[in-house]
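Subject: The structure, and what turned up in it

Hello,

Here is the structure I promised to pass on. Please open it alongside this note, and then read on for what was found in it.

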Amino acid sequence: MTPTSFTAPTLDYLLLVPFLIVLGVACLGVLVEAFVPRAPRFATQVALAVVGLAAAIGTTAWLWVDGKSGLIDPFSSTIVSGTVLVDPPVLAMWAILFGFGLISVIGFAERRLHSGATAFTPMAAAIPGSTAESGAREAGLVHSEVFPLALFSLAGMALLVSANDLLVLFVGLEILSLPLYVMSGLARHRRLVSQEAALKYFLLGAAASAIFLFGVAFLFGFAGSFSYDRVASAVTFTAGSDPLLLAGLGLVGVGMLFKIGAVPFHSWVPDVYQGAPTPVTSFMSVCTKIAAVGGLLRLFYVALGGMRWTWQPLLAGVAILTIVVGAIIAINQADVKRILAYSSIAHAGFILVPVVGAVTVGNMLVDGQAGSVASILFYLVAYGFATIGAFTVVTLVRSQGHEVTDLSAWAGVGRRHPVIGFAMLVFLLSLAGIPLTGGFVGKFAAFAAAWRGGYWWLALVAIAGSLIAVYIYIRVIQVMFFRAPESDSAEVDVALPGGATWIVLALCFVGTLGLGLAPGPVLDLLQSAAAFVIPSAG
């Protein structure tokens, strides 16, 4: 019997250094949890996460500089037998993901707001309200497993945006998701609500993953390969009406849109955002969306770009529905975290507008498409700064040591604490798209990209939806600055932030205003990193 020949995959470890750093530090964090004594464990985990993500950002920048100088070829860097691709958009998304991941883990490290503890439960395995949990809280236990969990999730996000193969895309999606299911149930307070959020996220996420995998199976049946370039070649030689192709397109689209939080696959967003620990909410609301949008872009414009005339109108309909549902339902919400959750849904629709309006030029997505990709990346950066900043302010509004998210209880908070109130004002104005903030420039660039791509009517709908959404943020601002506090909310106050929270607020505040006042350098940088390449099928 003749043995089957096996070709070892080509691994260019140099190009994988940022990903390997994050994954390696996550694995090291697991060992820290197992072997480092409890007293120094928390500080060790914080230091590992911060240094690891800073190193990942630095090596990503180094790869980008080397690519520009010709030391590596950023337009043919397919590795692991062509299943992973590292090109300028991947490096840009890695830098953005690791940057916001670093800001998020700094927020995880805040202990002042919880009397020396963190926002996370001291004993996740204990039954909520049990004596074991009470004893752990009274003993001042501080668990730090959230740091390696966040790093594992970031590693999945990095793999997701660099996938050049449907199975690798699925693996990245699962590595991204599984830690988030656990992290959503780790809230220190309101444990039952947190565990309910985790369970809902897990069940709906598992269903979305199964749907996505069915789509992958259909696309494999159509193309005979999981590789993006071979799927693209198969699409080129078909009329686009093959049942396997259409079924695969629809099912993988559902899986990706679920992660973005687009309507009608958004039902998990408000409950999970409200129940999860607020630092985790800010992390997933930004980083998950960035990774999902990056994966969607490459999947649809590289693997399925040949049938864009089929999926672009469908995606335009999803964008409109997402904007309308997110903006209108947010108006009726009375909880600040749910308001921000529906705001996130509306922003998912705004992000899809330039995704729909992008134009493929030849074998590379350049010219108008590069403008579209750059505008999407810029929008995600502006959205990330404002969203993380807003959720960080939510962690500060407290009563008797607990977060207060009831909007009516926020009455007068901005006047009593002008520094924190002004920071929240800037974040909300950016989310609303008001001039002089990053959100305004991001929306202008995103809607202009759709207009250039021929979807002017979609840009007009998005502008109208953006005007409706302004009321969401004006309502919160009005309560914070122009409404007198109610008698039963007299004990609501803004806690004095610790050093970690001050760092997060400062970075988000400077980022939000900086992108609004001087967006040119960032736009130019992203423009130079916004050309997807379709490798040859060989």
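Let me start with a glycine. Gly-250 has a relative accessible area of 37%, so it counts as partly exposed. Please keep in mind throughout that this is a predicted model. Gly-250 sits in helix H9, which covers residues 243–260. If you want a partner to look at from there, try Phe-212: Gly-250 and Phe-212 are 38 residues apart in sequence, and their C-alpha atoms are 9.0 Å apart in space.

Salt bridges

How many salt bridges does the model have? The count comes to five. As general background, side chains of opposite charge can pair when their charged atoms come close.

One of the five joins Arg-298 to Asp-87, with 2.8 Å between the closest N and O atoms. This pair ties together distant parts of the chain, since the two residues are 211 apart: Arg-298 belongs to helix H11, while Asp-87 is in the loop between strand S2 (84–85) and H3. Are these two residues buried or exposed? Both Arg-298 and Asp-87 are buried.

Another group is worth viewing together. Glu-196, Lys-200, Asp-271 and Arg-338 are linked in a network of salt bridges. Within this network, Glu-196 and Lys-200 form a salt bridge with an N to O distance of 3.1 Å. Both of them lie in helix H7 (residues 191–223), and their spacing of four residues is about one turn of the helix. Lys-200 also meets Asp-271 in a salt bridge, again listed at 3.1 Å from N to O. Here the link is between distant parts of the chain, with Lys-200 in helix H7 and Asp-271 in helix H10, 71 residues apart.

As for how open these side chains are, Glu-196 is partly exposed because its relative accessibility is 43%, between the limits of 20% and 50%. Lys-200, at 31%, is partly exposed too, and so is Asp-271, with a relative accessible area of 24%.

Pockets

In general terms, rolling a probe the size of a water molecule over the atoms shows where empty space is left. The largest pocket has a volume of about 480 Å³. Its lining has 20 residues, and those nearest its centre are Ala-92, Ala-95, Ile-96, Leu-525 and Leu-526. Five helices each contribute at least two residues to that lining: H2 (38–69), H3 (88–108), H14 (368–394), H19 (499–517) and H20 (520–527). Which helix gives the largest share? That is H3, with eight residues. By class, 18 of the lining residues are nonpolar and two are polar, and none is charged.

The second largest pocket holds about 300 Å³ of space. It is lined by 18 residues, and closest to its centre are His-189, Arg-190, Thr-278, Lys-337 and Glu-403. Helix H10 (268–275), helix H11 (278–303) and strand S5 are the elements that supply two or more residues each. The classes in this lining are six nonpolar, seven polar and five charged residues.

A small group of strands

Strand S5 comes up again in the sheet. Strands of a sheet pair through backbone hydrogen bonds, either parallel or antiparallel. Here three strands make an open sheet with antiparallel pairing, in the order S5-S4-S6. S5 (402–403) and S6 (493–494) are the edge strands, each pairing on one side only. S4, which spans residues 397–399, is joined to S5 by two bridges. In that pairing Arg-398 stands opposite Glu-403 of S5, and Glu-403 is also one of the residues closest to the centre of the second largest pocket.

Cysteines

How many disulfides are there? The count is zero. Two of the cysteines have quite separate settings. Cys-508 has a relative accessible area of 0%, so it is buried. Cys-27 has a relative accessibility of 39% and therefore counts as partly exposed.

If you would like a short route through the model, begin at Gly-250 in helix H9, go on to the network of Glu-196, Lys-200, Asp-271 and Arg-338, and finish at the largest pocket, where H3 gives eight residues of the lining.

Happy viewing, and best wishes!

Notes. Residues numbered from 1 in each chain as written. Predicted model: local features only at pLDDT ≥ 70, side-chain atom pairs only at ≥ 80, totals over all residues. Heavy atoms only, no water. Disulfide = S-S within 2.5 Å. Buried < 20%, exposed > 50% of the residue type's maximum accessible area, 1.4 Å probe, protein only. Pairing = 2+ DSSP bridges. 1 Å grid on protein atoms, 1.4 Å probe; cavity = no way out; pocket = protein on both sides within 12 Å on 5 of 7 lines; lining within 4 Å. Points joined across faces, edges and corners; volume = space filled by probe spheres on them. Nonpolar A, V, L, I, M, F, W, Y, C, P; charged D, E, K, R; others polar. Salt bridge = Lys/Arg side-chain N within 4 Å of Asp/Glu carboxyl O.
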